Amino acid sequence: MQCLQIQEGTAEWQKIANEAARTIPGRENGGNCDIKNLSRGSKVYLPVFVDGANLSTGDMHFSQGDGEVSFCGAIEMSGFLELKCEIIRGGMKEYLTPVGPTPLHVNPIFEIGPVEPRFSEWLVFEGISVDESGKQHFLDASVAYKRAVLNAIEYLSRFGYSKEQVYLLLSCCPCEGRISGIVDAPNAVATLAIPTAIFDQDIKPKRLGHGPKLRRLPDVLR
């Protein structure tokens, strides 16, 4: 496929720059979703808004935590992606009901494949929508999730890791984020579940006198 060359500063370039969909955020037609459970065997149903639209993929992750909280904190990887594409004619009208004023107010649907991170034991941290200054944010799930992450960072830093190390760890390990409560006003409740098997020590709370032994993260995470 030949790349289309548009001269910067021309009217056509300005029109494309103003209208083109940015790839950084997740968006109505897909975008940078960064959903860690989308692995081998998954199916993605993407709405198509433009006749003759093309498909592009990228940004493969070896491992990532829900939220990728340090922005570029996943473990990136190179690789090959084998795709099978089919078009469901009339699929948007049949399966996607716009929640908003235009037909653009829809989002993709995903089927999770059989290959994804699976653990049996977790340590779960809760956060509510009250920020570090004590200000309450009415049912704000973003603030609640941030608080869950900060609580996890503070806790795990007692086990010999720096807070910076834990911050990066929560971005790249397969931790599970949840909106656990969004109906009990005024506080949203979010949780962050961390698989205990990724540590080389027991990180669960213990009786006094049986506290954490200081260990260090592997060199790859320093």
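# Briefing: loops, a pocket and a core

Pro186 sits in the loop that links strand S8 (176-181) to strand S9 (189-195). The peptide bond leading into Pro186 from Ala185 is cis, with omega near 10°. This is a predicted model. The points below cover two unusual backbone angles, a pocket, a helix residue, a strand pair, a nonpolar core and one more loop proline.

**The loop between S4 and S5**

- Glu68 belongs to the loop between strand S4 (61-63) and strand S5 (75-76).
- Its phi is positive, about 40°, although Glu68 is not a glycine.
- Glu68 has a relative accessible area of 8%. That is under 20%, so Glu68 counts as buried.
- Phe71 lies in the loop between S4 and S5.
- Phe71 is not a glycine, yet it has a positive phi of about 75°.
- Phe71 is exposed, at 58% relative accessibility. The cut-off for exposed is over 50%, which is why Phe71 gets that label.

**The second largest pocket**

- The second largest pocket holds about 230 Å³ of space.
- Glu68 and Phe71 are among the residues that line this pocket.
- The lining also includes Ile24, Asn32, Cys33, Asp34 and Asp59.
- Gln64, Gly67, Cys72 and Glu76 line the pocket too.
- By class, the lining has 4 nonpolar, 3 polar and 4 charged residues.

**Ser171 in helix H4**

- Ser171 is part of helix H4 (residues 163-172).
- Is Ser171 buried or exposed? Ser171 is buried, with a relative accessible area of 0%.
- Neighbours within four places in sequence aside, Ser171 is in contact with Glu68 and Phe71.
- Other contacts of Ser171 include Gln64, Gly65, Val69, Ser70, Gly73 and Ala74.

**Strand S7 and its partner S9**

- In a regular strand, side chains alternate between the two faces of the sheet.
- Strand S7 shows alternating side chains.
- Leu123, Phe125 and Gly127 point to one face of S7 and are buried.
- Trp122, Val124, Glu126 and Ile128 point to the other face and are not buried.
- How many bridges join S7 to S9? There are 7 bridges, and the two strands run antiparallel.
- Gly127 has Ala190 as its bridge partner in S9.

**The largest nonpolar core**

- The largest nonpolar core has 23 residues.
- Leu156, Leu170, Leu192, Ile194 and Phe199 have the most contacts inside this core.
- S7, helix H3 (141-156), H4 and S9 each give two or more residues to the core.
- Which element gives the largest share? H3 does, with 8 residues.
- Leu192 touches Leu123, Val124 and Phe125, leaving aside residues up to four places away in sequence.
- Leu192 also touches Tyr145, Ala148, Val149 and Ala152.
- Further contacts of Leu192 include Leu170, Cys175, Glu176 and Gly177.

**Pro114, another loop proline**

- Pro114 is placed in the loop between strand S6 (109-111) and strand S7 (122-128).
- Pro114 is exposed, with a relative accessible area of 61%.
- Not counting residues up to four places away in sequence, Pro114 touches Arg40 and Gly41.
- Pro114 and Met60 are 54 residues apart in sequence. In space, the two are 18 Å apart, C-alpha to C-alpha.

Key
Residues numbered from 1 in each chain as written. Predicted model: local features only at pLDDT ≥ 70, side-chain atom pairs only at ≥ 80, totals over all residues. Heavy atoms only, no water. Helix = DSSP H or I, 4+ residues; strand = E, 2+ residues; numbered from the N terminus. Buried < 20%, exposed > 50% of the residue type's maximum accessible area, 1.4 Å probe, protein only. 1 Å grid on protein atoms, 1.4 Å probe; cavity = no way out; pocket = protein on both sides within 12 Å on 5 of 7 lines; lining within 4 Å. Points joined across faces, edges and corners; volume = space filled by probe spheres on them. Nonpolar A, V, L, I, M, F, W, Y, C, P; charged D, E, K, R; others polar. Contact = heavy atoms within 4.5 Å. Pairing = 2+ DSSP bridges. Core = buried A, V, L, I, M, F, W, Y, C linked by side-chain atoms within 4.5 Å.
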